[in-house]
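Here are my notes on the model you sent over, point by point. Have the structure open while you read, and shout if anything looks off.

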Amino acid sequence: MLFRIIRTSVLVLVTFLVLGRVTWAQSSADAAVSQTTETLTITINGTLGPVLSGSDPIGADGQSGTVTIMASESLSPTKHTKTSATYTLPAGAITAVVGGETFSNNSPAKMTIKLAKKADTLTLTFASSIDGFSFTITDTTTLEAGSWTTAVLEHPEVFAPSPQTLTAAKSATGKGSKFEYTVEGEATVLGVAGTASNSAQVDPVLPDDDLDQ
């Protein structure tokens, strides 16, 4: 009788330990999944022009240009409405190469996504400096309506289809894609024709040093 009691107690203890280990492992796996984040990369390639306003002091008209944006999909908007969201990107998150000159945001930048019936719009506003000259740049990319889901108003996400063809704006205040830069107090707006594409990549999971101790 005593042997049966001891054997039953041992079985209960073993079962408890096994179930506890499985539960702990499952919880750890769930935590790892919930902590997984992705980085969104948007690339805009095109040709700048024509000049829609301003004198174009850097000679960007007719030059090729590339704008690259990197944003964590874990970001929350700093401002939003029912149809738009504005995100703050850290310094270095945006790089624009125009005619061989590289402009990178040297301070936090704004990325605004607006959803509308006729088109979805991505607008970037950032400050940069080259050779002692300070620039303020606003890049507007017009995509197909429905390119983003409404989830983009809560956190950055990829648009589809990708890539998409961009149509240059025909006026400084009109619809279409355009590139505006201000230097020495003078603003220039140019149309942009080209393509926009994007992708998302899972961020690497760094080891937890506490687990090794």
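1. A definition before anything else: two strands are taken to pair if DSSP finds at least two bridges between them. Please also keep in mind that this is a predicted model. With that settled, strand β9 (residues 133–144) and strand β11 (residues 178–183) pair in the antiparallel sense, and six bridges hold that pairing. If you want one spot to click on, Ile137 has Tyr181 of β11 as its bridge partner.

2. For the overall layout, the protein chain has one helix and twelve strands. Going along the sequence, the helix comes ahead of the strands, in the pattern α-β-β-β-β-β-β-β-β-β-β-β-β. The chain has 213 residues, and 32% of them count as buried. On contacts, take the ones between residues at least 6 apart in sequence: 62% of these join residues at least 24 apart.

3. Back to β11, which has another partner to look at. β11 and strand β12 (residues 186–202) also pair in the antiparallel sense, again over six bridges. Here Glu180 is matched with Val189 in β12. The two strands form a hairpin with two residues between them. Which residue in that turn has a positive phi? That would be Glu184, at about 55°.

4. Just upstream, have a look at Ser177, which sits in the loop between β10 and β11. Is Ser177 buried or exposed? Ser177 counts as buried, because its relative accessibility is 1%, and the cut-off for buried is under 20%. Leaving out residues up to four places away in sequence, Ser177 touches Thr140, Thr141 and Thr142, then Leu166, Thr167, Ala168 and Ala169, and finally Leu190, Gly191 and Val192.

5. Now for β4, at residues 84–89. This strand is mostly covered, with five of its six residues buried. Strand β3 (residues 79–80) runs antiparallel to β4 and is joined to it by two bridges, and a hairpin of three residues connects β3 to β4. β4 also runs antiparallel to strand β7 (residues 109–114), this time with six bridges. In that pairing, Tyr87 has Met111 of β7 as its bridge partner. As a general reminder for reading any of these strands, side chains in a regular strand alternate between the two faces of the sheet.

6. Thr86 is the β4 residue I'd zoom in on. Lys79 stands opposite Thr86. Thr86 is buried because its relative accessible area is 11%, which falls under the 20% cut-off. What does the side chain of Thr86 make a polar contact with? The partner is the side chain of Thr112, at 3.0 Å. Setting aside neighbours within four places in sequence, Thr86 is in contact with Pro77, Thr78 and Lys79, and also with Lys110, Met111 and Thr112.

7. On internal space, how many cavities of 30 Å³ or more does the structure hold? There is one, and the largest cavity has a volume of about 60 Å³. The residues that line the largest cavity are Ile44, Asn45, Gly46, Leu48, Gly65, Thr66, Val67, Val98, Asp139, Phe179 and Val192. The elements that give two or more residues to this lining are β1 (38–53) and β2 (64–72). β1 gives the most, with four residues. By class, the lining has six nonpolar, four polar and one charged residues. Note that Val192 appears in this lining and is also among the residues that Ser177 touches.

8. Last item, the second largest pocket, which holds about 260 Å³ of space. Its lining has 15 residues, and those nearest the centre are Ala119, Thr142, Gly174, Lys175 and Gly176. β8 (119–130), β9 and β10 (164–166) each supply at least two residues of the lining. Sorted by class, the lining has four nonpolar, seven polar and four charged residues. Thr142 is worth selecting here: it is one of the residues nearest the pocket centre, and Ser177 touches it.

Methods: Residues numbered from 1 in each chain as written. Predicted model: local features only at pLDDT ≥ 70, side-chain atom pairs only at ≥ 80, totals over all residues. Heavy atoms only, no water. Buried < 20%, exposed > 50% of the residue type's maximum accessible area, 1.4 Å probe, protein only. Polar contact = N/O pair within 3.5 Å; in protein donor to acceptor, adjacent residues only side chain to side chain. Contact = heavy atoms within 4.5 Å. 1 Å grid on protein atoms, 1.4 Å probe; cavity = no way out; pocket = protein on both sides within 12 Å on 5 of 7 lines; lining within 4 Å. Points joined across faces, edges and corners; volume = space filled by probe spheres on them. Nonpolar A, V, L, I, M, F, W, Y, C, P; charged D, E, K, R; others polar.
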